[in-house]
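Student: Please take a close look at one part of this model, the aromatic ring cluster, and then connect it to the salt bridges, the cores and the sheet. I would like one continuous account.

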Amino acid sequence: MNMGEFSGKGGVWMEFEIEYQKGRRRRRRRSVAAKIFIWVLQIAATVFFAWFVINVVMEKTSVLGDSMEGTLSDGDSIIINKFAYLFKTPGRGDVIVFKQSGSEHDYYDIKRVVGLPGETLQIVDGAVHINGEEIKEKINCEKMLIPGLAKDAITLEEGEYFVLGDNRNNSEDSRFANVGTVVEGEIIGRAWLRLNEFGFVGTMNLRREEGEEK
């Protein structure tokens, strides 16, 4: 092999090496750019998910008044699960958060569901009767001294709920005309968590059966 041939082949090899290294740098830059893009996308998705949960799925509010005393006290901070009734309807015993249309105040009301759509409810001797039968309360509460509108039997229409405060003798609720029954479209969601003294609202103030261990 003469020097000319060696020099020619060496030049080709060097050009190949240069192009190869350029290609590697381009691929490395593309890889870094892809990683940065994925990283930014992950951060954006996390921020959006947090915003969605805080502003759409959940909402924080404060308890005003003593109508839910025994379960929730005035000033308690709670989290509302606004998706609780997306695929189901409120059940008896649920603590719901609602805002009635035409209400003069701008805060939320918090009460416990007692009567469901289609049921006939009446308060007799301080106790709730559904379809003529006294219900067994699952929470600790007093017998009601004032039956209000429920002195006479009330039949609930479709999408209509009868609600009571757990502090039965110090609560403005469905017994009174200024509140009345709550319709489905007025329900914001279910009271889920109490923040200041952490706990799940649905597990609070439950009546213990006789013989049940504390």
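Tutor: Trp192, Phe198 and Phe200 are linked into a cluster by ring pairs. The model is a predicted one, and a search through the whole of it finds 2 aromatic pairs. One of them joins Phe198 and Phe200 in an edge-to-face arrangement, with 6.0 Å from centre to centre and 70° between the planes. The two rings can also be described by their accessibility. Phe198 counts as exposed, because its relative accessibility is 60% and the cut-off for exposed is over 50%. Phe200, with a relative accessible area of 40%, is partly exposed.

The salt bridges come next. A search of the whole structure finds 6 salt bridges, among them the pairs Glu59–Lys82, Glu119–Arg92 and Arg190–Asp94.

In the pair of Glu59 and Lys82, the closest N and O atoms are 3.2 Å apart. Glu59 belongs to strand β1 (residues 58–62), whereas Lys82 sits in the loop between β2 (77–81) and β3 (95–98), so this salt bridge ties together parts that are 23 residues apart in sequence. Both partners are partly exposed: Glu59 has 23% relative accessibility, and Lys82 has a relative accessible area of 27%.

Arg190 and Asp94 meet through their side chains in a salt bridge of 3.3 Å, N to O. This pair links distant parts of the chain, with Arg190 in strand β11 (residues 187–194) and Asp94 in the loop between β2 and β3, 96 residues apart. Arg190 is partly exposed at a relative accessible area of 26%. Asp94 counts as buried, because its relative accessibility is 8% and buried means under 20%.

The loop between β2 and β3 also holds Arg92, which forms a salt bridge with Glu119, the closest N and O atoms being 2.7 Å apart. Glu119 lies in the loop between β4 (109–115) and β5, so the salt bridge with Arg92 ties together parts that are 27 residues apart in sequence. Glu119 is buried, with a relative accessible area of 12%, whereas Arg92 counts as partly exposed at 36% relative accessibility. The contact between the side chains of Arg92 and Glu119, at 2.7 Å, is also a polar contact.

The surroundings of Arg92 extend beyond Glu119. A polar atom of the Arg92 side chain lies 2.7 Å from the backbone oxygen of Val114. Between Arg92 and Gly115 the C-alpha to C-alpha distance is 6.6 Å, although the two are 23 residues apart in sequence. Leaving out residues up to four places away in sequence, Arg92 touches Val113, Val114, Gly115, Leu116, Glu119, Ile130 and Ile135.

Ile135 provides the step from Arg92 to the nonpolar core. With its neighbours within four places in sequence set aside, Ile135 is in contact with Arg92, Val114, Val128 and Ile130. Val114, Val128, Ile130 and Ile135 are members of the largest nonpolar core, which has 12 residues. Its other members are Leu121, Ile123, Met144, Ala150, Ile154, Leu156, Phe162 and Leu164. The elements that contribute two or more residues to this core are β5 (120–124), β6 (127–130) and β9 (160–164). There is also a second, separate core of 11 residues, including Val63, Ile80, Val97 and Met204.

Strands β5 and β6 lead on to the sheet. An open sheet of 4 strands has the order β7-β6-β5-β8, and its pairing is antiparallel. Its edge strands, each pairing on one side only, are β7 (133–134) and β8 (154–155). Between β5 and β6, which run antiparallel, there are 4 bridges. In β6, His129 is the bridge partner of Gln122.

To return to the starting point, the ring cluster consists of Trp192, Phe198 and Phe200. Trp192 falls within the residue range of β11 (187–194), the strand that holds Arg190.

Terms used
Residues numbered from 1 in each chain as written. Predicted model: local features only at pLDDT ≥ 70, side-chain atom pairs only at ≥ 80, totals over all residues. Heavy atoms only, no water. Core = buried A, V, L, I, M, F, W, Y, C linked by side-chain atoms within 4.5 Å. Buried < 20%, exposed > 50% of the residue type's maximum accessible area, 1.4 Å probe, protein only. Contact = heavy atoms within 4.5 Å. Pairing = 2+ DSSP bridges. Phe/Tyr/Trp six-rings, centres within 6.5 Å; stacked < 30°, edge-to-face > 60°. Salt bridge = Lys/Arg side-chain N within 4 Å of Asp/Glu carboxyl O. Polar contact = N/O pair within 3.5 Å; in protein donor to acceptor, adjacent residues only side chain to side chain.
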